[in-house]
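The following exercises concern the interior, the cysteines and the annotated regions of one protein chain. Please work through each task before reading its solution.

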Amino acid sequence: MGQKSLGAFQHLPMVSCANELLGCALKKARNVGPTKGIGNIAKRERNKGAKQLDALTKELALPLRTYVEKFPKKQQLHPYEYSLIDLTFGTGKYEEVLDRVNALRKKVLDVGKNYASLCAKSTSKRDAEEILKEGFSKLEEHYQKNGVVVDELLNIAKVLRAMPVFNVKVPTLCLVGAPNVGKSSLVRVLSTGKPEVCNYPFTTRGISMGHIFVHTDVYQVTDTPGLLKRPDEERNNMEKLTLAALSYLPTAVLYVHDLTGECGVKVYDQFLLYKEIKAKFHERPWLDVVSKADLLLQTSCFSAEILPDSFDFYQIFGPQGAIHVSVQTGMGVEELKKRAISLLAESFALQECAVDDCL
């Protein structure tokens, strides 16, 4: 099977509010007249009633069927988009709303067809009129009682369409680390021009998304919500968004470390978190950065007995090979830009070659 592409949220069908849909359906149905040429009054009324009930049923049921068919199922969505749905509305809520829309459609068809059949079998003008009136009343009553689900679906569509669009065809550098380690500042430094702020419905915190332009090439660079050292089941939606991006999007990782202690997360906890994330996403193209380097005591001397993979080494230098950067003084910024662009260009060139080989 081919890889699922992003962008499904921009192709959702337009959803009318429940009252608008019902009002339009009633108006259209009441304008339906009997078939021409029926001379008998009872037969004409019977014919008109059956046609109006049939029209009202279709006007209510057809839009509901369109919603059920055109809103993508879980297996049709890119896993990153589906994770956004769960984070926004809660696990299973999206499917539940679509199931209720479909249940409403089925009930409308059942009630409408039943009354249309009764009207077609009526024996007098008065019976036909009473069945028509009762049928309209039952359909309207049921729709008003359960039509709130249509408004729920309308809200879901609005929220999903407003989601930030991630272009998987553009090489992307994803900045990861604990909260307040300086990711957003680095996005601004790396970006050509001012980064845009992407908003997600499950948080009031905007996510910075910038672009790097190098000649004719363009790259995306984005920060992510900060991670804390805790079990995945205890993570909040913001942390889950970061993990979803790392799990499902073709990104290179720029992992940011703050060894000053200013970020509010202990250096040892950052060390443990880094080890966990690096082990989990070790296949990603990776670059380590120590931020706020102007606030660190500079030393080039350390005991040969200190292993580069140890916490003793980490708390002084960060991971082995990390670039030390200061946004305030400009220290290491140019090296970071060159290394980041090189990482993106090389990793995504390899990715394209792998895709071409598959084809």
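**Exercise 1. The cavity**

How much space lies in the largest cavity?

Solution. The model is a predicted one. Begin with a search of the whole structure, which finds 1 cavity of 30 Å³ or more. Next, take the volume: the largest cavity holds about 70 Å³ of space. Finally, identify the lining, which consists of L6, G7, F9, Q10, Y80, E81, L84, M163, P164, V165 and F166.

**Exercise 2. The cysteines**

Determine how many disulfides the structure holds, and explain the result for C17.

Solution. The count is 0 disulfides. To explain this for C17, locate the closest cysteine sulfur, which belongs to C24. The separation is 8.7 Å, whereas a disulfide requires sulfur atoms within 2.5 Å. The two sulfurs are therefore too far apart for a bond. The search from C24 leads back to C17, whose sulfur is the nearest cysteine sulfur at 8.7 Å, and C24 is in no disulfide. As a last step, consider accessibility: C17 counts as partly exposed because its relative accessibility is 28%, and C24 counts as partly exposed at 41%.

**Exercise 3. The nonpolar cores**

Which residues have the most contacts inside the largest nonpolar core, and which element gives the most to this core?

Solution. In general, nonpolar side chains of soluble globular proteins tend to be buried together. Here the largest nonpolar core comprises 60 residues, and Y67, F71, Y80, Y143 and V150 have the most contacts inside it. Now assign the core to elements: those that each supply at least two residues include α2 (41-70), α4 (93-120), β3 (207-214) and α8 (237-248). Of the contributors, α4 gives the most, with 10 residues.

Then examine F71 individually. Leaving aside residues up to four places away in sequence, F71 touches L12, P13, V15, T66, Y94, L98, L153 and A157. To complete the solution, note a second, separate core of 26 residues, with L173, L186, V187 and V256 among them.

**Exercise 4. The annotated regions**

Describe the helix and strand content of the two regions annotated in UniProt, at residues 9-166 and 238-294.

Solution. An unreviewed UniProt entry lists residues 9-166 as "domain: NOG1 N-terminal helical". Over this stretch the chain is 75% helix and 0% strand, and the end C-alpha atoms lie 11 Å apart. The annotation "domain: Nucleolar GTP-binding protein 1 Rossman-fold", also from an unreviewed UniProt entry, covers residues 238-294. There the chain is 44% helix and 21% strand, with the end C-alpha atoms 29 Å apart.

Technical notes. Residues are numbered from 1 along each chain as its sequence is written. This is a predicted model: local features need pLDDT of at least 70, side-chain atom pairs count only at pLDDT 80 or more; totals for chains, interfaces and linings use all residues. Side-chain values use heavy atoms; hydrogens and water are left out. UniProt positions are given in the numbering used here, feature names are shortened, and annotations may be inferred rather than shown by experiment. Helices (H or I, at least four residues) and strands (E, at least two) are DSSP runs, numbered from the N terminus. Buried means under 20% relative accessible area, exposed over 50%, partly exposed in between (1.4 Å probe, protein chains only). A nonpolar core is a set of buried Ala, Val, Leu, Ile, Met, Phe, Trp, Tyr and Cys residues joined through side-chain atoms within 4.5 Å. Contact means heavy atoms within 4.5 Å. On a 1 Å grid over the protein atoms alone, a cavity is a set of points where a 1.4 Å probe fits but cannot get out, and a pocket is an open set with protein on both sides within 12 Å along at least five of seven lines; lining residues have an atom within 4 Å of a point. Grid points are joined across faces, edges and corners, and a volume is the space filled by probe spheres set on the points.
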